[in-house]
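Welcome, and thanks for opening the viewer. Let's walk through this model together, one selection at a time.

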Amino acid sequence: MIGPDIAGVAEKLGAAADAATAIPQLAAETGLDVDAAYAVQTALLQRRLDRGERLVGLKMGLTSRAKMAQVGVNEVIWGRLTDVMRVPDGGTVDVADYIHPRVEPEVAFLLDRLPDPGEPVGSFTRAVRAVAPAIELIDSRYANFTFSLPDVVADNASAAAFVVGPWSPVPDGLDNLGVLLEIDGRVAQVGSTAAILGDPRRALDEGLRLAGRHGVRLRKGWVFLAGAATAAVPLRPGAHVRAVVEKLGAASLKATA
């Protein structure tokens with residue numbers, strides 16, 4: 001039996017992102033399951049690396065019930081971050097570069113060391129150098145922001161861009177910090193870090209485990225986005241976005257008019 005055309009699916013998704021043009025879902029048509037979808041994601045990353053981008057971290061997706069309900073998927077997923085996706089804190093993005101961009105408040109970790117061979121997953125969370133408030137800009141390449149689980153995995157978990165605020169030492173507790181997402185100075189979403197698998201540190205554990213299944217080990221100096229604390233909000237031209245996380249501070253970006 002011939003399997004899915006991994007390279008072909010990756011090319012379609014990459015071309016859709018480059019042209020900022022939505023495409024139909026691909027999984028049902030091409031026979032993608034979740035494992036094959038992660039192979040597509042790897043091919044999609046290689047496409048980026050071949051044109052000079054660098055891998056700088058990982059992101060988690062669908063770590064909150066709000067996000068699962070919003071997109072109709074019920075399994076935690078992960079994706080890759082490259083240097084080109086990073087926007088400086090307070091920087092600007094051009095909405096014309098995306099199809100239907102949305103923003104969400106997150107918690108970011110800065111990894112301090114590699115895990116030791118055979119090290120228990122739980123102890124790896126102590127290898128975090130710092131933590132920061134963050135914003136992820138997600139942008140599904142599928143029409144109407146609608147997809148199955150294999151579709152979104154293949155599409156690099158809808159990763160598009162991210163902003164990391166000021167780094168600070170990891171506080172004693174991260175499990176129930178208040179989170180606000182502000183658009184043009186008005187509160188658009190209210191949440192808690194408890195929405196991120198109960199504690200953002202659990203997302204790090206989960207990311208290490210899930211990525212490891214596909215031969216990916218987290219690296220020193222990488223950024224790790226733990227997942228959204230609220231549902232995502234559409235990014236409109238001219239909007240000023242600010243994510244505030246209790247004890248951690250704020251991160252912001254602006255969208256071109």
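Start with the two helices that cross. What you see is a predicted model, and in it the crossing of helix 1 and helix 3 is right-handed. To bring the pair up, select residues 6-19 for helix 1 and residues 34-50 for helix 3. Their axes come within 8 Å and cross at roughly 55 degrees, which makes helix 1 oblique to helix 3.

Next, show side chains where the two helices touch. On helix 1, pick Ile 6, Val 9, Ala 10, Glu 11, Leu 13, Gly 14, Ala 15 and Asp 18. Their partners on helix 3 are Ala 36, Ala 39, Val 40, Ala 43, Leu 44 and Arg 47. Colour this contact by residue class and you should find 10 nonpolar, 1 polar and 3 charged residues.

Keep those helices on screen and turn to the enclosed spaces. How many cavities of 30 Å³ or more are there? The count comes to 2. Go to the largest cavity, which holds about 160 Å³ of space. To centre your view on it, select Gly 14, Ala 17, Leu 44, Arg 48 and Arg 141, the residues nearest its centre among the 16 that line it. Gly 14 and Leu 44 are familiar from the last stop, as both take part in the helix contact. Helix 1 and helix 3 each supply at least two residues of this lining, and helix 3 gives the most, with 5 residues. By class, the lining of the largest cavity has 6 nonpolar, 3 polar and 7 charged residues.

Now for the open spaces, beginning with the largest pocket. About 290 Å³ of space lies there. Select Arg 48, Val 84, Asp 97, Tyr 98 and Ala 160, which lie nearest the centre of the largest pocket. Arg 48 also appeared at the largest cavity, among the residues nearest its centre. In total, 17 residues line the largest pocket. Which element gives the largest share of them? Strand 7 does, with 3 residues; find this strand at 159-164. Helix 1, strand 3 (86-87) and strand 4 (91-93) also each supply at least two residues. Coloured by class, the lining of the largest pocket divides into 9 nonpolar, 1 polar and 7 charged residues.

One more stop remains. The second largest pocket has a volume of about 160 Å³. Its centre is best found through Tyr 38, Glu 75, Val 76, Leu 210 and Arg 213, the closest to it of the 14 lining residues. Then add helix 7 (200-213) to your selection, since this is where to look for the largest share of the lining, 4 residues. Helix 3, strand 2 (77-82) and helix 6 (149-154) each supply at least two residues too. As for the classes, the lining of the second largest pocket is made up of 8 nonpolar, 1 polar and 5 charged residues.

Terms used: Residues numbered from 1 in each chain as written. Predicted model: local features only at pLDDT ≥ 70, side-chain atom pairs only at ≥ 80, totals over all residues. Heavy atoms only, no water. Axes fitted to C-alpha atoms, helices over the stretch in contact; angles between N-to-C directions. Parallel < 35°, antiparallel > 145°, perpendicular 65-115°, else oblique. Left-handed = near helix turned anticlockwise from the far one by under 90°. Contact = heavy atoms within 4.5 Å. Nonpolar A, V, L, I, M, F, W, Y, C, P; charged D, E, K, R; others polar. 1 Å grid on protein atoms, 1.4 Å probe; cavity = no way out; pocket = protein on both sides within 12 Å on 5 of 7 lines; lining within 4 Å. Points joined across faces, edges and corners; volume = space filled by probe spheres on them.
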